[in-house]
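Me: Could you take me through one part of this chain closely, beginning with a single strand and its partners, and then place that part in the wider arrangement? I would like a connected account rather than a list.

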Amino acid sequence: MEHGTTITQFISEEQRRSAGATGEFTALLNDIVTACKMISNQVNHGALVGALGSAGSENVQGETQKKLDVLSNEIFIQCNEWAGHLAAMASEEMDDVYQIPSEYPRGKYLITFDPLDGSSNIDVNVSVGTIFSILRCPGGAEQPGVRDFLQAGTQQVAAGYALYGPSTMLVLTTGNGVNGFTLDQNIGEFIITHPSMSIPADTREFAINASNMRFWESPVKRYVDECLAGKEGPRGEDFNMRWIASMVAEVHRILTRGGVFLYPLDSKMKDKGQGGKLRLLYEANPMSFIVEQAGGGSITGAERIMDLQPESLHQRVPVILGSRNEVERIQRYHTE
Ligand code: AHM
Ligand code: MG
């Protein structure tokens, strides 16, 4: 059987068309791809390799870490620290910026990542994923610090996610549309299967954790109430609902068949002094870049997420993303 284009080939060809490309970016993406394959392997083997369950530790945001959270973080670092493409890394699972060890050369890029998103789903064998974002290091490679990472989402060079589901997929944007690749386990390569992914502008499907309904602010309450009212309500249509509690799987569904995903700011978070549930640098910005590149929208409520000036490494923000016309409607409800 003849195989299609591999992700390496695809990225190389894309880079060859862009003036001034040195091949460094292609090499960096290759290392990320390797990390995702290794994490996929661990996730697939689950209990067989003793990888499930809690690690008995907490991350910087006080959340219990799963063994696979810790392991995935280590794999991601090991695959990416040695080759000389990165000035530093930042992860949802690490308190501070990760400095490249002195035995390795440093490069011009920064990477932020969530090594295993949706980890509450690991033990029950539901899809999880890895999310990453690539930035240029503005301050040079010498002493990269937190300030170098605090760049608006519009500055991202590339973003992507790996989805560990029934099949393992990698979805990537370099600011030139969105392409999806499926891991062929027999040959260990990601092959392009979903070229030029695009999100339908209209949808009749939304995703939100409705157990928080009593804490929602009025624009979100209004939107969901109108969807739930169905044919008899102001929308005049019946809506379907989904909630996987795995953002990667949720975004992937939206890229495949449309929909809108909401993790809004609510009064419970406000009481705790939190700006939202999801993290701007590891989750919201990369997913916003992908969704916008596929023709969708991504906002906090009133504002476009990628326009936000980040204030701290682990900053949380509200996230509403997906089919453009629905996202625009929700934005209108926030500004009316
Ligand atoms: P995590 O990074 O700790 O896994 O949390 C992020 C996840 C998202 O993937 C998902 O959309 C959300 O948390 C689910 O939250 P909830 O359990 O409140 O429904
Ligand atoms: Mg996460």
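**Strand S17 and its setting**

Reply: In this predicted model, the bridge partner of Ile299 within strand S17 is Ile320. That pair belongs to the pairing of strand S15 (residues 297–299) with S17, which is antiparallel and rests on three bridges. Strand S13 (residues 260–263) is likewise joined to S17 in the antiparallel sense, by four bridges, and here Tyr263 has Val319 of S17 as its bridge partner. The side chains of S17 (residues 319–322) alternate, with Val319 and Leu321 pointing one way and Ile320 and Gly322 the other, and all of them are buried.

Helix H8 (residues 280–293) is also an enclosed element: 14 of its 14 residues are buried, so the helix is largely surrounded by the rest of the structure. After H8 comes Gly295, which has a positive phi, near 90 degrees.

To set these elements in context, the chain is divided into domain 1 (7–194) and domain 2 (205–335), whose centres, taken over C-alpha atoms, are separated by 24 Å. The contact between the two domains takes 35 residues from domain 1 and 29 residues from domain 2. On the side of domain 1 that touches domain 2, two or more residues are given by each of S5, S6, helix H4 (146–149), strand S7 (158–164) and S8, and the largest share there, five residues, comes from S6. By class, the residues on that side of domain 1 comprise 16 nonpolar, 16 polar and three charged.

Several of those strands recur in an open sheet of eight strands with mixed pairing, whose order is S4-S3-S5-S6-S7-S8-S9-S10. Strand S4 (98–99) and strand S10 (189–194) form its edges, each pairing on one side only. Helix H3 (residues 67–80) packs on this sheet and touches strand S3 (86–91), S4, strand S5 (109–117) and strand S6 (128–136), its direction making about 155 degrees with that of S5. Elsewhere in the sheet, strand S8 (residues 168–173) and strand S9 (residues 178–184) pair antiparallel over five bridges, with Leu170 standing opposite Phe181 in S9.

The two domains also come together around ligand 1, whose shell draws at least three residues from each of domain 1 (7–194) and domain 2 (205–335). S5 and helix H6 (247–257) each supply at least two residues of this shell. Of its 13 residues, those that come nearest are Gly118, Ser119, Asn209, Ala245 and Met247, and by class the shell consists of three nonpolar, five polar and five charged residues.

Ala245 deserves a separate look, as its backbone has a phi near 65 degrees, a positive value in a residue other than glycine. Most residues other than glycine have a negative phi. Ala245 is placed in the loop between strand S12 (240–241) and H6, and it counts as partly exposed because it has 14 C-beta neighbours inside 10 Å. Asn125, in the loop between S5 and S6, is another non-glycine residue with a positive phi, in its case near 60 degrees. Asn125 has 11 C-beta neighbours inside 10 Å and therefore counts as exposed.

Conventions: Residues numbered from 1 in each chain as written. Chains lettered and ligands numbered in written order. Predicted model: local features only at pLDDT ≥ 70, side-chain atom pairs only at ≥ 80, totals over all residues. Pairing = 2+ DSSP bridges. Contact = placed C-beta atoms within 7 Å. Axes fitted to C-alpha atoms, helices over the stretch in contact; angles between N-to-C directions. Near = placed C-beta within 6 Å. Nonpolar A, V, L, I, M, F, W, Y, C, P; charged D, E, K, R; others polar. Domains from an automatic or database assignment. Buried ≥ 20, exposed ≤ 12 C-beta atoms within 10 Å, placed from the backbone.
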